[in-house]
Amino acid sequence: MRLRLTDDEVVFRDALRAWLANTLPALPPAPDPNDWTARRAYDTAWQRRLFDAGYAGISWPAEYGGRGATPSEELVFLEELERAGAPYVGCNFVGTLHAGPTLIAEGTPEQQAYHLPGILKGEHVWCQGFSEPEAGSDLAGLRTRAVRDGDHYVITGQKIWTSTAQAADYCELLVRTDPDAPKHRGITWLIMPMNTAGIDVRPLRTIIGVSEFNEMFLDEVRVPVANRVGDENDGWRVAMVTFAFERGTAWVSDLLQSQQIIADLAGLARKVTRRSGTAWDDAALRRDLAELAAEFDGLWALTKRTVSQAARTGSPGIGGSVFKLQFAGARLRLGQVAMRLLDRAGLAFDDPLGLTTGDMVKERLFAHAVGIAAGTSQIQRNILAERVLGLPKER
Amino acid sequence: VDFELDAEQVALRDELRRLLATSCSSESRRAAIAFPGGVDRGLWRTLSGVGVFALCQQESDGGVGLGMADATVVFEELGRALVPGPVIATFLAAGVIDGASTGTNVVGVVEGGERVVIEHLDGIDTLIVVDADGVRRVHARSTRGTVLERPLDPLTPVHLVESVAGGEPAGDAEVAARWRRDGALLVAAMQVGIGAGALEMAVEYAKQRRQFGRVIGFFQALKHLLADALAEVETARAAVQAAGVEIDEDAAASVVARAVAGARILASAAAEHTANTCIQVHGGMGFTWELDAHLFLKRSLLLDTQFGGVERSFEIMEAALA
């Protein structure tokens, strides 16, 4: 077992650090979270900088324009970006981490030639049209219908949780093409241009107050059959292929951010007065912070394990589900401790008393999403119980 | 980064697991209580025969020449099998106390010398006393105490000793600090093993026991309990092994201290929670003396008190945040 970086990894890291040190100071300030035009411009400009420096598509194979980095290098990449305070992947999330890898695995040469460079250069923004009001954890129960009409599919239905749809050029869309087949065998994966007629995107306001995701209503939207990825009715398999690219790095920046929040809170506790001393004199608070620090440190070790398994076997194993489950719980408790410490400074967003480096109120509320997004904690527990512990399946 | 057991570590783990399945079965470890101090010298010879105590000694000194990461793998197995006896102290004494690495000298440990509770006193040859200034070695037979008739862990007899006097120096403050640090890590490794063992026992039962016309492992209420336990144990194991690697890679003292403390905090909680889960899954039977479920819980509680206690790990982590 080795945690130390290899010589090659050190070279990679040092070059990246130097590039970040030169690049980040020149970036404009981050945009207003409700201004999607500005957010798109900011995120895609960052993607373009990554592209020009050779860091776009960090884990994509070189033959498709990516960096072809090893899982270990990818981990270094994500760690360095987060520690340096680089922009989050933002609007480029679906394109670089989901749609792009799917097209690499399953797209036609024409689809790849058109879309992959667009994603890498930050020219195309993608969103994901998978979930529906009636198809959440049971994604394969999706109902949005696509009916063949000549060389087009005509699509009618409703999607939900479509992040960045306001800013997107393309949508990776799952539709039902055979309503009579067993539910996993009647689904098709399509590339839907977002400027097609019949798409109505309505923002949903989250508990944070920002319109982070949307409802998307589709009314007889016509998508060319040429935009199909994989065979008709083989879309479930195509959607699952993406998970083969998963290396256990999905939450790295959130995890490192959590560790930073712990350090910030420990510093803040020494400044905030409570009774005759500071909040740090409160043994219960110190204990809670220490316990959380241990948990996030442990999850960082687990991440390294998962990435190492991905490097060795091509699959991250069970670490992803374990991580997701534990991280959701720890992140929520972190938010609770933060609010206890902020006290009445937590009654408004944006840190009115200037106590911390980040927006703790936002983090406190965001924590509630971690147990839901990308597979709920309940689904993760089912996965662990059935696939790892071998307990009898419900279905 | 390549943070996954290598082939040798997997072989080491599997070989030890096979060996302990027979030489430290549920029956044999319960029988060990009949030996003086609850130390089964036959099992001790078996453990030394596969190099458990000499694991981290140089090969030139007759050791196995492995590192602390390997030791965490080994001690996880010892915890899983609930091996009775002062295995951590004897391991740490190898290279310091003659005969420790070969299993002929069974070494126990205690912190501080006044009015202390000491494990396995009648079964050990040498007692190591760790305090802030250093480490001293005491002839165990000359240490008198009162046996406590109702020990918490039935496999770990304890004495109350008014004063551990005499002995000779066996190391300075730095040596004492290393005993505490490495002892804390191996405690954590054993607790990961306890968690893994208790989880395995609980899962096995959940697959057989039927209620309401189904095996109880079908119900989500049980599945989620067991999945939570698995997640805790897996995370603690990663933390424990990472701390071992940090020691082997000569990471900065502050990095190692934080890694060991964090590993122990997680392992302690994982063992306690999983032992409780094991009891709960077994229902009323889990609360009886007959099943081994209580032995997992009790050993974990005992380990929590050793090498400064899990409290010390919290203090170290709090200091690391300062």
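Colleague: What makes A:Arg237 count as partly exposed?

Modeller: This is a predicted model, to start with. The relative accessibility of A:Arg237 is 38%. Buried means under 20% and exposed means over 50%, so A:Arg237 counts as partly exposed.

Colleague: And why is A:Asp234 called partly exposed?

Modeller: Its value is 22%. The buried class is under 20%, so A:Asp234 goes down as partly exposed.

Colleague: How do you know that A:Asp234 forms a salt bridge with A:Arg237?

Modeller: The closest N and O atoms of A:Asp234 and A:Arg237 are 2.9 Å apart. The rule asks for a Lys or Arg side-chain nitrogen within 4 Å of an Asp or Glu carboxyl oxygen, so the pair passes.

Colleague: What makes A:Arg333 and A:Glu295 a pair that ties parts together?

Modeller: A:Arg333 lies in helix 9 of chain A and A:Glu295 in helix 8, residues 283–313, so the salt bridge joins parts 38 residues apart in sequence. Their closest N and O atoms are 2.9 Å apart.

Colleague: Why is A:Glu295 called buried, and what is A:Arg333 called?

Modeller: A:Glu295 has a relative accessible area of 13%; the limit for buried is under 20%, so buried is the word for A:Glu295. A:Arg333 has 34% and is partly exposed.

Colleague: Where in chain B do B:Glu315 and B:Arg312 lie?

Modeller: Both are in helix 10 of chain B, three residues apart, about one turn of the helix. They form a salt bridge, with the closest N and O atoms 3.2 Å apart. B:Glu315 has 43% relative accessibility and is partly exposed, as is B:Arg312 with 39%.

Colleague: On to the interface. How many salt bridges does the rule find across the interface of chain B and chain A?

Modeller: Eight. A:Arg305 forms a salt bridge with B:Glu4, and the closest N and O atoms there are 3.4 Å apart. That value is within the 4 Å cut-off, so the pair qualifies. There is also a network of salt bridges linking A:Arg286, A:Arg287, B:Glu311 and B:Glu318. Over all chains, the structure holds 41 salt bridges.

Colleague: What else is found across this interface, in terms of polar contact?

Modeller: There are 23 residue pairs in polar contact. On the side of chain B that touches chain A, helix 7 of chain B has the largest share, with 18 residues. That side divides into 23 nonpolar, seven polar and 15 charged residues.

Colleague: How much area do chain B and chain A bury between them?

Modeller: About 4,300 Å², with 61% of it on carbon and sulfur atoms. The contact takes 45 residues from chain B and 46 residues from chain A.

Colleague: Which residues have the most contacts inside the largest nonpolar core?

Modeller: B:Phe75, B:Leu78, B:Val87 and B:Trp179, in a core of 153 residues. Helix 6 of chain B gives the most to this core, 19 residues. Setting aside neighbours within four places in sequence, B:Phe75 is in contact with residues including B:Phe91, B:Leu186 and B:Met190.

Colleague: Last one: why is B:Phe212 called exposed?

Modeller: At 80% relative accessibility B:Phe212 is over the 50% limit, so exposed is the right class. B:Phe212 is in the loop between strand 8 (210–211) and strand 9 (214–215) of chain B. Its phi is positive, about 55 degrees, although B:Phe212 is not a glycine.

How values were computed. Residues numbered from 1 in each chain as written. Chains lettered and ligands numbered in written order. Predicted model: local features only at pLDDT ≥ 70, side-chain atom pairs only at ≥ 80, totals over all residues. Heavy atoms only, no water. Contact = heavy atoms within 4.5 Å. Buried area = accessible area lost by both parts, 1.4 Å probe. Polar contact = N/O pair within 3.5 Å; in protein donor to acceptor, adjacent residues only side chain to side chain. Helix = DSSP H or I, 4+ residues; strand = E, 2+ residues; numbered from the N terminus. Nonpolar A, V, L, I, M, F, W, Y, C, P; charged D, E, K, R; others polar. Core = buried A, V, L, I, M, F, W, Y, C linked by side-chain atoms within 4.5 Å. Buried < 20%, exposed > 50% of the residue type's maximum accessible area, 1.4 Å probe, protein only.
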